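Here are my notes on this one, written to be read with the model open beside them. Shout if anything looks off on your screen.

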Amino acid sequence: MASSLLYSITIRSLLLLLLHLSSLSIYLAAKHNQHGYHRHRSHSHSPTSNQRLHQAYIALQAWRRVIYSDPNNFTTNWVGPDVCSYKGIYCTASIDDPKITVVAGIDLNFADIAGFLPIELGLLTDLALVHLSSNRFCGIIPQTLTNLSLLYELDLSNNRFVGPFPSVVLSLPMLNYLDLRFNEFEGPLPPQLFQKKIDAIFVNNNRFTSAVPAFLGGTSASVVVIANNNLEGCLPPSIANFADTLEELLLINTSLTGCLPPEVGYLYKLKVLDVSYNKIVGPIPYSLSGLAHLEQLNLAHNLMTGIVPQGVCILPNLANFTFSYNFFCEEEGICMNLTSKGIKYDDRRNCLPEKPFQRSQKECNDTLEHPVDCFEQCCEGSAGGGAFGRATPFAPALVPVATPLLPPSLAPSFP
(Lines give C-alpha, C1' and ligand atoms only; values in the text may rest on other atoms or scores of the structure.)
Protein backbone atom coordinates (compact mmCIF):
# COMPACT_ATOMS: atom_id res chain seq x y z
CA MET A 1 0.00 0.00 0.00
CA ALA A 2 1.07 3.56 -0.60
CA SER A 3 2.50 5.63 2.19
CA SER A 4 0.12 8.55 1.66
CA LEU A 5 -1.60 8.60 5.04
CA LEU A 6 1.74 8.53 6.81
CA TYR A 7 3.64 10.84 4.49
CA SER A 8 6.96 12.10 5.81
CA ILE A 9 9.83 13.92 4.18
CA THR A 10 12.82 11.90 3.01
CA ILE A 11 15.45 14.32 4.25
CA ARG A 12 16.51 12.73 7.52
CA SER A 13 18.90 15.29 8.91
CA LEU A 14 19.64 18.96 8.76
CA LEU A 15 23.05 18.24 7.29
CA LEU A 16 21.55 16.48 4.28
CA LEU A 17 19.07 19.29 3.85
CA LEU A 18 21.78 21.90 3.77
CA LEU A 19 23.85 19.84 1.36
CA HIS A 20 20.86 19.89 -0.95
CA LEU A 21 20.51 23.65 -0.60
CA SER A 22 24.20 24.29 -1.10
CA SER A 23 23.86 23.33 -4.76
CA LEU A 24 21.74 26.46 -5.11
CA SER A 25 24.17 28.80 -3.40
CA ILE A 26 25.25 30.46 -6.63
CA TYR A 27 21.66 31.24 -7.51
CA LEU A 28 20.97 32.62 -4.04
CA ALA A 29 24.07 34.79 -4.00
CA ALA A 30 23.11 36.27 -7.35
CA LYS A 31 19.56 36.85 -6.14
CA HIS A 32 20.73 38.65 -3.00
CA ASN A 33 23.13 40.84 -4.97
CA GLN A 34 20.41 41.68 -7.45
CA HIS A 35 18.27 43.08 -4.66
CA GLY A 36 21.14 44.91 -3.03
CA TYR A 37 21.16 42.60 -0.02
CA HIS A 38 24.57 42.05 1.59
CA ARG A 39 25.07 40.07 4.76
CA HIS A 40 27.80 40.99 7.21
CA ARG A 41 30.68 38.54 6.74
CA SER A 42 32.30 37.60 10.00
CA HIS A 43 34.92 34.85 10.03
CA SER A 44 34.71 34.37 13.76
CA HIS A 45 32.84 31.48 15.35
CA SER A 46 32.27 33.48 18.53
CA PRO A 47 28.55 34.21 19.06
CA THR A 48 29.42 37.68 20.27
CA SER A 49 31.27 38.64 17.08
CA ASN A 50 29.19 36.73 14.54
CA GLN A 51 26.51 39.16 13.39
CA ARG A 52 24.17 36.44 12.17
CA LEU A 53 24.31 34.56 15.47
CA HIS A 54 23.78 37.86 17.27
CA GLN A 55 20.61 38.44 15.22
CA ALA A 56 19.55 34.88 16.04
CA TYR A 57 20.08 35.64 19.73
CA ILE A 58 17.83 38.71 19.48
CA ALA A 59 15.15 36.69 17.69
CA LEU A 60 15.21 33.71 20.03
CA GLN A 61 15.17 35.85 23.15
CA ALA A 62 12.17 37.75 21.77
CA TRP A 63 10.50 34.39 21.16
CA ARG A 64 11.28 33.15 24.65
CA ARG A 65 9.57 36.20 26.12
CA VAL A 66 6.28 35.29 24.40
CA ILE A 67 6.35 31.62 25.40
CA TYR A 68 3.76 31.42 28.15
CA SER A 69 3.84 27.71 28.89
CA ASP A 70 6.66 25.20 28.54
CA PRO A 71 5.65 22.24 30.74
CA ASN A 72 8.50 20.07 29.47
CA ASN A 73 11.12 22.78 30.08
CA PHE A 74 12.11 22.60 26.44
CA THR A 75 13.45 26.17 26.33
CA THR A 76 15.00 26.24 29.80
CA ASN A 77 18.52 26.49 28.41
CA TRP A 78 17.68 29.34 26.03
CA VAL A 79 19.94 31.59 28.06
CA GLY A 80 23.02 33.51 26.95
CA PRO A 81 24.43 34.33 23.53
CA ASP A 82 25.49 30.79 22.56
CA VAL A 83 22.33 30.07 20.56
CA CYS A 84 23.85 26.98 18.97
CA SER A 85 23.63 25.26 22.36
CA TYR A 86 19.90 25.96 22.73
CA LYS A 87 17.71 22.88 22.68
CA GLY A 88 15.90 22.54 19.36
CA ILE A 89 18.22 25.01 17.60
CA TYR A 90 20.61 23.66 14.98
CA CYS A 91 23.62 25.48 13.58
CA THR A 92 25.87 24.75 10.66
CA ALA A 93 28.15 26.54 8.25
CA SER A 94 26.54 29.14 6.04
CA ILE A 95 26.03 28.02 2.46
CA ASP A 96 27.47 31.29 1.14
CA ASP A 97 30.49 31.33 3.47
CA PRO A 98 31.48 28.09 5.23
CA LYS A 99 33.59 30.06 7.70
CA ILE A 100 30.44 31.59 9.22
CA THR A 101 28.23 29.60 11.57
CA VAL A 102 24.50 30.26 11.31
CA VAL A 103 21.22 29.02 12.76
CA ALA A 104 19.85 26.84 9.99
CA GLY A 105 17.15 24.79 11.69
CA ILE A 106 14.53 24.91 14.43
CA ASP A 107 12.86 21.70 15.60
CA LEU A 108 10.35 22.08 18.45
CA ASN A 109 8.11 19.22 17.37
CA PHE A 110 5.93 17.77 20.15
CA ALA A 111 7.27 20.18 22.78
CA ASP A 112 3.78 21.23 23.98
CA ILE A 113 4.83 24.88 24.10
CA ALA A 114 2.22 27.66 24.27
CA GLY A 115 2.90 31.12 22.92
CA PHE A 116 3.03 32.92 19.60
CA LEU A 117 5.53 33.79 16.89
CA PRO A 118 7.14 37.24 17.28
CA ILE A 119 8.07 39.44 14.34
CA GLU A 120 11.74 39.09 15.32
CA LEU A 121 11.79 35.60 13.80
CA GLY A 122 12.33 37.41 10.51
CA LEU A 123 15.92 38.00 11.67
CA LEU A 124 16.68 34.27 11.23
CA THR A 125 17.44 34.69 7.56
CA ASP A 126 19.54 31.53 7.29
CA LEU A 127 16.80 29.14 8.35
CA ALA A 128 16.27 26.19 6.03
CA LEU A 129 13.96 24.22 8.29
CA VAL A 130 11.23 25.10 10.81
CA HIS A 131 9.37 22.28 12.56
CA LEU A 132 6.80 23.41 15.16
CA SER A 133 4.34 20.53 14.98
CA SER A 134 2.18 19.55 17.95
CA ASN A 135 2.47 22.56 20.20
CA ARG A 136 0.03 25.23 21.38
CA PHE A 137 1.30 28.16 19.36
CA CYS A 138 -1.46 30.58 18.46
CA GLY A 139 -2.11 33.89 16.73
CA ILE A 140 -1.19 34.82 13.18
CA ILE A 141 1.96 34.07 11.20
CA PRO A 142 4.19 37.18 11.14
CA GLN A 143 4.75 38.73 7.75
CA THR A 144 8.44 39.13 8.56
CA LEU A 145 8.93 35.45 7.73
CA THR A 146 9.15 36.63 4.15
CA ASN A 147 12.83 37.29 4.96
CA LEU A 148 13.47 33.54 5.22
CA SER A 149 14.52 33.17 1.61
CA LEU A 150 16.31 29.85 2.24
CA LEU A 151 13.41 28.14 4.01
CA TYR A 152 12.91 24.69 2.57
CA GLU A 153 10.52 23.04 5.04
CA LEU A 154 7.79 24.72 7.10
CA ASP A 155 5.74 22.57 9.46
CA LEU A 156 3.23 24.45 11.61
CA SER A 157 0.83 21.54 11.97
CA ASN A 158 -1.29 20.75 15.01
CA ASN A 159 -1.22 24.16 16.66
CA ARG A 160 -3.76 26.96 17.17
CA PHE A 161 -2.81 29.43 14.47
CA VAL A 162 -5.63 31.59 13.13
CA GLY A 163 -6.37 34.11 10.42
CA PRO A 164 -6.45 33.83 6.64
CA PHE A 165 -4.12 31.60 4.70
CA PRO A 166 -0.62 32.84 5.64
CA SER A 167 0.29 34.57 2.41
CA VAL A 168 3.88 34.93 3.56
CA VAL A 169 4.53 31.33 2.47
CA LEU A 170 3.80 32.30 -1.12
CA SER A 171 6.85 34.56 -1.12
CA LEU A 172 9.32 31.89 0.06
CA PRO A 173 11.28 30.96 -3.08
CA MET A 174 12.88 27.76 -1.77
CA LEU A 175 9.88 26.27 0.05
CA ASN A 176 9.45 22.60 -0.80
CA TYR A 177 7.35 21.21 2.06
CA LEU A 178 4.36 23.01 3.60
CA ASP A 179 2.34 21.57 6.46
CA LEU A 180 -0.46 23.73 7.92
CA ARG A 181 -2.86 20.95 8.93
CA PHE A 182 -4.81 20.91 12.19
CA ASN A 183 -4.98 24.67 12.79
CA GLU A 184 -7.71 27.31 12.60
CA PHE A 185 -6.84 29.06 9.34
CA GLU A 186 -9.88 30.31 7.43
CA GLY A 187 -11.03 31.94 4.22
CA PRO A 188 -10.12 30.94 0.66
CA LEU A 189 -7.10 29.02 -0.48
CA PRO A 190 -5.07 31.26 -2.82
CA PRO A 191 -4.61 29.90 -6.37
CA GLN A 192 -0.93 30.91 -6.12
CA LEU A 193 -0.40 28.07 -3.64
CA PHE A 194 -0.97 25.57 -6.43
CA GLN A 195 1.39 27.39 -8.76
CA LYS A 196 4.46 27.10 -6.53
CA LYS A 197 7.26 24.65 -7.17
CA ILE A 198 6.58 22.69 -4.02
CA ASP A 199 6.56 18.95 -3.34
CA ALA A 200 4.07 18.52 -0.49
CA ILE A 201 1.03 20.61 0.46
CA PHE A 202 -0.90 19.74 3.64
CA VAL A 203 -3.72 22.15 4.48
CA ASN A 204 -6.26 19.68 5.85
CA ASN A 205 -8.28 20.15 9.04
CA ASN A 206 -8.60 23.91 9.00
CA ARG A 207 -11.53 26.24 8.30
CA PHE A 208 -10.81 27.07 4.68
CA THR A 209 -13.90 27.97 2.66
CA SER A 210 -14.86 29.12 -0.84
CA ALA A 211 -14.31 26.87 -3.86
CA VAL A 212 -11.32 24.85 -4.96
CA PRO A 213 -9.22 27.33 -6.96
CA ALA A 214 -10.14 26.95 -10.62
CA PHE A 215 -6.72 27.74 -12.06
CA LEU A 216 -4.66 24.97 -10.59
CA GLY A 217 -1.37 24.41 -12.29
CA GLY A 218 2.32 25.12 -12.39
CA THR A 219 3.02 23.23 -9.19
CA SER A 220 5.42 20.33 -8.81
CA ALA A 221 3.49 18.80 -5.90
CA SER A 222 3.51 15.05 -5.47
CA VAL A 223 1.17 15.15 -2.45
CA VAL A 224 -1.85 17.44 -1.96
CA VAL A 225 -4.10 17.02 1.08
CA ILE A 226 -7.04 19.45 1.51
CA ALA A 227 -9.30 17.19 3.60
CA ASN A 228 -11.76 18.42 6.24
CA ASN A 229 -12.29 21.95 5.05
CA ASN A 230 -15.44 23.51 3.59
CA LEU A 231 -14.37 24.41 0.06
CA GLU A 232 -17.53 23.41 -1.82
CA GLY A 233 -17.71 23.64 -5.61
CA CYS A 234 -16.35 21.11 -8.03
CA LEU A 235 -12.95 19.66 -8.66
CA PRO A 236 -11.91 21.72 -11.70
CA PRO A 237 -10.72 20.10 -14.94
CA SER A 238 -7.46 22.02 -14.52
CA ILE A 239 -6.49 19.34 -11.99
CA ALA A 240 -4.90 17.78 -15.08
CA ASN A 241 -2.10 20.34 -14.74
CA PHE A 242 -0.73 18.20 -11.89
CA ALA A 243 -0.25 15.22 -14.21
CA ASP A 244 3.53 15.17 -14.30
CA THR A 245 4.04 15.05 -10.53
CA LEU A 246 0.94 14.27 -8.46
CA GLU A 247 0.94 10.90 -6.69
CA GLU A 248 -1.47 11.43 -3.80
CA LEU A 249 -4.64 13.55 -3.80
CA LEU A 250 -6.86 13.60 -0.71
CA LEU A 251 -10.02 15.72 -0.72
CA ILE A 252 -11.93 14.00 2.08
CA ASN A 253 -14.92 15.93 3.47
CA THR A 254 -14.45 19.19 1.58
CA SER A 255 -18.09 19.62 0.45
CA LEU A 256 -17.18 18.93 -3.19
CA THR A 257 -20.13 18.83 -5.56
CA GLY A 258 -20.66 18.07 -9.24
CA CYS A 259 -19.20 15.27 -11.27
CA LEU A 260 -15.71 13.90 -10.93
CA PRO A 261 -14.01 15.36 -14.03
CA PRO A 262 -12.51 12.91 -16.54
CA GLU A 263 -9.29 14.93 -16.31
CA VAL A 264 -8.54 13.07 -13.06
CA GLY A 265 -7.67 10.18 -15.34
CA TYR A 266 -4.81 12.27 -16.78
CA LEU A 267 -2.94 12.05 -13.45
CA TYR A 268 -0.93 9.11 -14.69
CA LYS A 269 1.39 9.00 -11.64
CA LEU A 270 -1.45 8.91 -9.13
CA LYS A 271 -1.19 6.25 -6.42
CA VAL A 272 -3.85 7.47 -3.98
CA LEU A 273 -7.15 9.19 -4.74
CA ASP A 274 -9.57 9.83 -1.89
CA VAL A 275 -12.65 12.00 -2.47
CA SER A 276 -14.84 10.36 0.17
CA TYR A 277 -17.45 12.17 2.29
CA ASN A 278 -18.47 14.73 -0.30
CA LYS A 279 -21.50 15.35 -2.53
CA ILE A 280 -20.04 14.20 -5.83
CA VAL A 281 -22.62 13.01 -8.35
CA GLY A 282 -22.56 11.13 -11.65
CA PRO A 283 -20.59 8.07 -12.75
CA ILE A 284 -17.01 7.01 -12.23
CA PRO A 285 -15.09 8.50 -15.17
CA TYR A 286 -13.83 5.66 -17.34
CA SER A 287 -10.60 7.62 -17.73
CA LEU A 288 -9.61 6.31 -14.28
CA SER A 289 -8.96 3.02 -16.06
CA GLY A 290 -5.70 4.51 -17.27
CA LEU A 291 -4.24 5.09 -13.78
CA ALA A 292 -1.82 2.18 -13.87
CA HIS A 293 -0.06 3.19 -10.64
CA LEU A 294 -3.23 3.64 -8.58
CA GLU A 295 -3.14 1.69 -5.30
CA GLN A 296 -5.95 3.22 -3.24
CA LEU A 297 -9.25 4.58 -4.55
CA ASN A 298 -11.90 5.83 -2.13
CA LEU A 299 -15.19 7.19 -3.49
CA ALA A 300 -17.28 6.37 -0.42
CA HIS A 301 -20.08 8.54 1.01
CA ASN A 302 -20.99 10.47 -2.12
CA LEU A 303 -23.99 10.54 -4.45
CA MET A 304 -22.42 8.75 -7.39
CA THR A 305 -24.43 6.54 -9.74
CA GLY A 306 -24.03 4.22 -12.70
CA ILE A 307 -21.71 1.30 -13.29
CA VAL A 308 -18.53 0.38 -11.45
CA PRO A 309 -16.34 -0.12 -14.55
CA GLN A 310 -14.19 -3.18 -15.00
CA GLY A 311 -11.36 -1.01 -16.32
CA VAL A 312 -10.89 0.37 -12.81
CA CYS A 313 -11.18 -3.02 -11.12
CA ILE A 314 -8.38 -4.53 -13.21
CA LEU A 315 -5.86 -1.78 -12.57
CA PRO A 316 -2.58 -3.63 -12.01
CA ASN A 317 -1.62 -2.04 -8.68
CA LEU A 318 -5.05 -1.49 -7.12
CA ALA A 319 -5.05 -2.81 -3.54
CA ASN A 320 -7.97 -0.99 -1.91
CA PHE A 321 -11.18 0.14 -3.62
CA THR A 322 -13.93 1.67 -1.48
CA PHE A 323 -17.16 2.85 -3.12
CA SER A 324 -19.71 2.27 -0.34
CA TYR A 325 -22.55 4.67 0.47
CA ASN A 326 -23.30 5.73 -3.11
CA PHE A 327 -25.99 4.71 -5.61
CA PHE A 328 -24.09 2.43 -7.99
CA CYS A 329 -26.44 -0.02 -9.65
CA GLU A 330 -24.08 -2.44 -11.40
CA GLU A 331 -20.60 -3.91 -10.99
CA GLU A 332 -19.01 -4.77 -14.30
CA GLY A 333 -17.15 -8.02 -14.83
CA ILE A 334 -14.48 -8.77 -12.23
CA CYS A 335 -15.76 -5.89 -10.07
CA MET A 336 -18.36 -8.33 -8.76
CA ASN A 337 -15.63 -10.47 -7.18
CA LEU A 338 -12.68 -8.26 -6.23
CA THR A 339 -11.68 -10.73 -3.53
CA SER A 340 -10.46 -13.05 -6.27
CA LYS A 341 -7.90 -10.39 -7.21
CA GLY A 342 -6.79 -9.86 -3.62
CA ILE A 343 -8.28 -6.35 -3.56
CA LYS A 344 -9.78 -5.04 -0.34
CA TYR A 345 -13.10 -3.43 -1.17
CA ASP A 346 -16.30 -2.07 0.33
CA ASP A 347 -19.46 -1.94 -1.80
CA ARG A 348 -22.07 -1.61 0.96
CA ARG A 349 -25.04 0.76 0.81
CA ASN A 350 -25.38 1.01 -2.94
CA CYS A 351 -28.10 -0.27 -5.26
CA LEU A 352 -26.36 -3.49 -6.35
CA PRO A 353 -28.73 -6.40 -7.03
CA GLU A 354 -28.12 -9.55 -5.02
CA LYS A 355 -25.41 -7.94 -2.91
CA PRO A 356 -25.88 -7.73 0.89
CA PHE A 357 -26.17 -4.55 2.92
CA GLN A 358 -27.57 -2.41 0.10
CA ARG A 359 -29.92 0.58 0.14
CA SER A 360 -33.69 0.12 0.07
CA GLN A 361 -35.45 0.00 -3.25
CA LYS A 362 -37.16 3.29 -2.46
CA GLU A 363 -33.87 5.07 -1.79
CA CYS A 364 -32.45 3.76 -5.03
CA ASN A 365 -35.52 4.65 -7.11
CA ASP A 366 -35.71 8.18 -5.75
CA THR A 367 -32.16 8.86 -6.92
CA LEU A 368 -31.89 6.77 -10.07
CA GLU A 369 -35.07 8.31 -11.51
CA HIS A 370 -33.15 11.61 -11.76
CA PRO A 371 -29.93 10.76 -13.61
CA VAL A 372 -27.13 13.33 -13.81
CA ASP A 373 -25.72 14.36 -17.19
CA CYS A 374 -22.14 15.41 -16.51
CA PHE A 375 -21.79 16.85 -20.02
CA GLU A 376 -24.37 19.49 -19.12
CA GLN A 377 -22.66 20.44 -15.90
CA CYS A 378 -20.55 23.58 -15.68
CA CYS A 379 -17.59 23.98 -13.39
CA GLU A 380 -17.09 27.69 -12.83
CA GLY A 381 -14.72 27.41 -9.87
CA SER A 382 -13.93 30.14 -7.41
CA ALA A 383 -13.68 33.01 -9.85
CA GLY A 384 -17.38 33.11 -10.57
CA GLY A 385 -18.53 31.70 -7.27
CA GLY A 386 -20.34 28.85 -9.01
CA ALA A 387 -19.75 25.14 -9.20
CA PHE A 388 -21.25 22.03 -10.62
CA GLY A 389 -24.05 20.47 -8.72
CA ARG A 390 -24.34 23.30 -6.23
CA ALA A 391 -28.11 22.92 -6.39
CA THR A 392 -28.07 19.18 -5.78
CA PRO A 393 -31.05 18.51 -3.49
CA PHE A 394 -29.25 16.05 -1.25
CA ALA A 395 -28.04 16.71 2.26
CA PRO A 396 -24.27 16.52 2.79
CA ALA A 397 -22.87 13.24 3.97
CA LEU A 398 -22.23 13.07 7.69
CA VAL A 399 -18.67 12.27 8.66
CA PRO A 400 -18.18 9.81 11.51
CA VAL A 401 -15.79 10.51 14.32
CA ALA A 402 -13.48 7.78 13.09
CA THR A 403 -12.93 9.22 9.62
CA PRO A 404 -9.35 8.23 8.69
CA LEU A 405 -7.15 11.27 8.48
CA LEU A 406 -3.51 12.07 8.44
CA PRO A 407 -2.11 12.28 11.95
CA PRO A 408 -0.28 15.40 13.09
CA SER A 409 3.14 15.90 11.54
CA LEU A 410 5.42 12.92 11.24
CA ALA A 411 8.36 15.06 10.16
CA PRO A 412 11.50 13.74 11.82
CA SER A 413 12.92 15.29 14.97
CA PHE A 414 16.64 15.62 15.27
CA PRO A 415 18.52 13.89 18.04
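**Notes on the predicted model**

1. Let me begin with Ser255, which counts as buried because its relative accessibility is 16%, and the cut-off for buried is under 20%. Ser255 sits in the loop that runs between β14 (248–250) and β15 (257–259). The backbone is worth a look here too: phi of Ser255 is near 60°, a positive value in a residue other than glycine. For background, most residues other than glycine have a negative phi.

2. Arg349 is another residue of this kind, with a positive phi of about 55° although it is not a glycine. You'll find Arg349 in the loop between β22 and α5. Is Arg349 buried or partly exposed? With a relative accessible area of 26%, Arg349 is partly exposed.

3. Now on to Asn350, which is in the loop between β22 (344–346) and α5 (361–368). Its relative accessible area is 0%, so Asn350 is buried. Which residues does Asn350 touch, leaving out those up to four places away in sequence? The list is Phe323, Ser324, Tyr325, Asn326, Phe327, Phe328, Gln358, Arg359 and Cys364. Asn326 also shows up in a polar pairing: its backbone nitrogen lies 3.3 Å from a polar atom of the Asn350 side chain.

4. Asp107 gives a second case of a side chain paired with a backbone nitrogen. A polar atom of the Asp107 side chain lies 3.1 Å from the backbone nitrogen of Asn109. Asp107 belongs to strand β3 (residues 101–107), and at a relative accessible area of 4% it is buried.

5. Time to step back to the whole model, since this is a prediction and confidence matters. The average pLDDT is 84, and 78% of the residues score at least 70. Over residues 18–45 the pLDDT is below 50, and this stretch has 46 contacts in the model beyond near neighbours in sequence. Residues 381–415 also have pLDDT below 50, with 94 contacts in the model beyond near neighbours in sequence. I'd read any contact in either stretch with those scores in mind.

6. On the overall make-up, the protein has six helices and 22 strands. Of its 415 residues, 53% are buried. How much of the contact map is long-range? Taking contacts between residues at least 6 apart in sequence, 55% join residues at least 24 apart.

7. Next, the cavities. How many cavities of 30 Å³ or more does the structure hold? There are four, and the largest holds about 80 Å³ of space. The lining of that largest cavity is made of Trp63, Ile106, Leu117, Leu121, Leu127, Val130, Leu132, Leu145, Leu148, Leu151 and Leu154. By class, the lining residues come out as eleven nonpolar, no polar and no charged.

8. Leu53 makes a good stop for anyone following the chain through space. It lies in helix α3 (residues 51–65) and is buried, with a relative accessibility of 2%. Leu53 and Asp126 are 73 residues apart along the chain, yet their C-alpha atoms are separated by 9.9 Å.

9. Ala292 is in the loop between β17 (279–282) and β18 (296–298). Its relative accessible area of 35% makes Ala292 partly exposed. From the C-alpha atom of Ala292 to that of Lys271 the separation is 8.5 Å, with the two positions 21 residues apart along the chain counted as their spacing. Setting aside residues up to four places away in sequence, Ala292 touches Leu315, Pro316 and Asn317.

10. Last on my list is Glu332, found in the loop between β21 (327–331) and β22. Glu332 is partly exposed, at a relative accessible area of 32%. Its C-alpha is 8.6 Å from that of Cys313, and the two residues are 19 apart in sequence. Apart from neighbours within four places in sequence, Glu332 is in contact with Ile307, Val308, Pro309 and Gln310.

Methods: Residues numbered from 1 in each chain as written. Heavy atoms only, no water. 1 Å grid on protein atoms, 1.4 Å probe; cavity = no way out; pocket = protein on both sides within 12 Å on 5 of 7 lines; lining within 4 Å. Points joined across faces, edges and corners; volume = space filled by probe spheres on them. Nonpolar A, V, L, I, M, F, W, Y, C, P; charged D, E, K, R; others polar. pLDDT = per-residue confidence, 0-100. Contact = heavy atoms within 4.5 Å. Helix = DSSP H or I, 4+ residues; strand = E, 2+ residues; numbered from the N terminus. Buried < 20%, exposed > 50% of the residue type's maximum accessible area, 1.4 Å probe, protein only. Polar contact = N/O pair within 3.5 Å; in protein donor to acceptor, adjacent residues only side chain to side chain.
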